[in-house]
Amino acid sequence: MPQNIKNMLSLYFIAGTQDFRHAEGDRSQALLDCLEQALANGITCFQLREKEAHSLADAAAIEALARACLALCRRHRVPFFIDDNVDLALKIGADGIHVGQEDMPVEEVIRLCGGKLMIGLSTNTVEQAQQGSRYTAIDYFGVGPMFPTQSKAKPNPLAGAKRLQEIRRAGIDKPLVAIGGIKPHNVHEIYATGAADGIAVISVIAQSQDVAQTIRELKTGKPEAASR
Ligand code: TZP
Ligand code: MG
């Protein structure tokens, strides 16, 4: 699946079953229902991030969920990433793998996945982005958290929109996707930096009562206040 990475990062939805604790009934099905709506309404990338407390423990259940997500993403021609599970990503033929600083070392990820999967790396500092820039096999950096987030038990220190600019000013030219606490009311701060190629969100879509509206708001940078 050849990709323009910058376009792909425009509106990147990330989720796992732990992000559907609010849903009644089967959380895997709730995730798939939400993903289907998000795909139909214009997300440009999806990452299955089965992590944190309350995520699925059973490998077969995770694989089944990943395959179902992949099928939905394929139908909408949207790239499908898996967070921090190289074996699963290779096994099911995902489009990409995303890893953080504390996951499998990126050299190892590149050794196993280079040339086969797109590779994303989470960064929190200019130094981490500089380190990651040494590897041409890394396709993009996640940068965050931009704002406080409830979706990660132990978030890194706030990076903020300023960090995006610092990373760009340090001469790093890889595609950047901003993440962490991004909502319709604050997304303009990210767009205003001109430094991000896109935004990545979990809760604002996973918990949305109206996914189509939320996606419109994220894209335009304007909450549709009248309809709330
Ligand atoms: N990495 C940095 S912040 C974050 C991750 C996975 C969570 C983003 O979730 P939300 O709900 O959009 O704040
Ligand atoms: Mg990670």
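Which residues come nearest to ligand 1? Thr-149, Ser-151, Gly-180, Ile-202 and Ser-203 do, out of 14 residues around it. Keep in mind that this is a predicted model. What is the make-up of that shell? Seven of its residues are nonpolar, six are polar and one is charged.

Now the record. UniProt, in an unreviewed entry, gives residues 11–205 the annotation "domain: Thiamine phosphate synthase/TenI". In the model, the end C-alpha atoms of that span lie 11 Å apart. Helix makes up 37% of the span, and strand makes up 18%.

On to the strands. Start with S8, residues 198–201. Both of its faces are covered. Gly-198 and Ala-200 sit on one side, Ile-199 and Val-201 on the other, and all are buried. Who pairs with S8? Strand S1 does, running parallel and joined by three bridges. Within that pairing, Phe-13 has Val-201 of S8 as its bridge partner. Strand S7, residues 176–179, is also joined to S8 by three bridges, again in parallel. There, Val-177 stands opposite Gly-198.

Next, S5, residues 118–123. How many of its six residues are buried? Six of the six are. Met-118, Gly-120 and Ser-122 point one way. Ile-119, Leu-121 and Thr-123 point the other way. The partner here is S4, residues 96–99, which runs parallel to S5 with four bridges between them. One pair to look at is Ile-97 with its bridge partner Ile-119 in S5.

Several of these names come back in the core. The general background is brief: in soluble globular proteins, nonpolar side chains tend to be buried together. In this model, the largest nonpolar core has 65 residues. Which of them touch the most other members? Phe-13, Phe-46, Ile-97, Leu-176, Val-177, Ala-178 and Ile-199. Take Leu-176 as a case. Set aside its neighbours within four places in sequence. Leu-176 is then in contact with Tyr-140, Phe-141, Val-143, Leu-164, Ile-167, Ala-195, Ala-196 and Asp-197.

Now the loops, and back to the record. UniProt, again in an unreviewed entry, puts the feature "binding site" at Gln-47, Leu-48, Arg-49, Glu-50, Lys-51, Asp-83, Ser-122 and Lys-152. We have already met Ser-122, which is buried in S5. Arg-49 is in the loop between S2 and H3. Is Arg-49 buried or exposed? Arg-49 counts as buried, because it has 22 C-beta neighbours inside 10 Å. Leaving out neighbours within four places in sequence, Arg-49 is in contact with Ile-14, Ala-15, Gly-16 and Asp-83. Note that Asp-83 is on the UniProt list too.

Lys-152 belongs to another loop, the one between S6 and H7. Lys-152 is partly exposed, because 17 other C-beta atoms lie within 10 Å. That loop has a further feature. The peptide bond joining Gly-144 and Pro-145 is cis, with omega at about 0°. Pro-145 lies between strand S6, residues 140–143, and helix H7, residues 160–169.

One more loop residue: Ala-23. Find Ala-23 between strand S1, residues 11–15, and helix H2, residues 27–40. With 17 other C-beta atoms within 10 Å, Ala-23 is partly exposed. How far is Ala-23 from Arg-49? They are 26 residues apart along the chain, and 17 Å separates their C-alpha atoms.

Last, two backbone angles. Glu-52 is not a glycine, yet has a positive phi of about 75°. Its loop runs between strand S2, residues 45–48, and helix H3, residues 59–75. Glu-52 is partly exposed, because it has 14 other C-beta atoms within 10 Å. Arg-77 is not a glycine either, and has a positive phi of about 55°. Arg-77 is in the loop between H3 and strand S3, residues 80–83. Why is Arg-77 classed as exposed? Because there are just 8 other C-beta atoms within 10 Å, and a residue counts as exposed at 12 or fewer.

To finish, go back to the ligand. Find Ser-151 and Gly-180, two of the residues that come nearest to ligand 1. Then find Lys-152, in the loop between S6 and H7. That is the tour.

Note on methods:
Residues numbered from 1 in each chain as written. Chains lettered and ligands numbered in written order. Predicted model: local features only at pLDDT ≥ 70, side-chain atom pairs only at ≥ 80, totals over all residues. Buried ≥ 20, exposed ≤ 12 C-beta atoms within 10 Å, placed from the backbone. Near = placed C-beta within 6 Å. Nonpolar A, V, L, I, M, F, W, Y, C, P; charged D, E, K, R; others polar. Core = buried A, V, L, I, M, F, W, Y, C linked by C-beta atoms within 7 Å. Contact = placed C-beta atoms within 7 Å. UniProt positions renumbered as here; feature names shortened; annotations may be inferred. Pairing = 2+ DSSP bridges.
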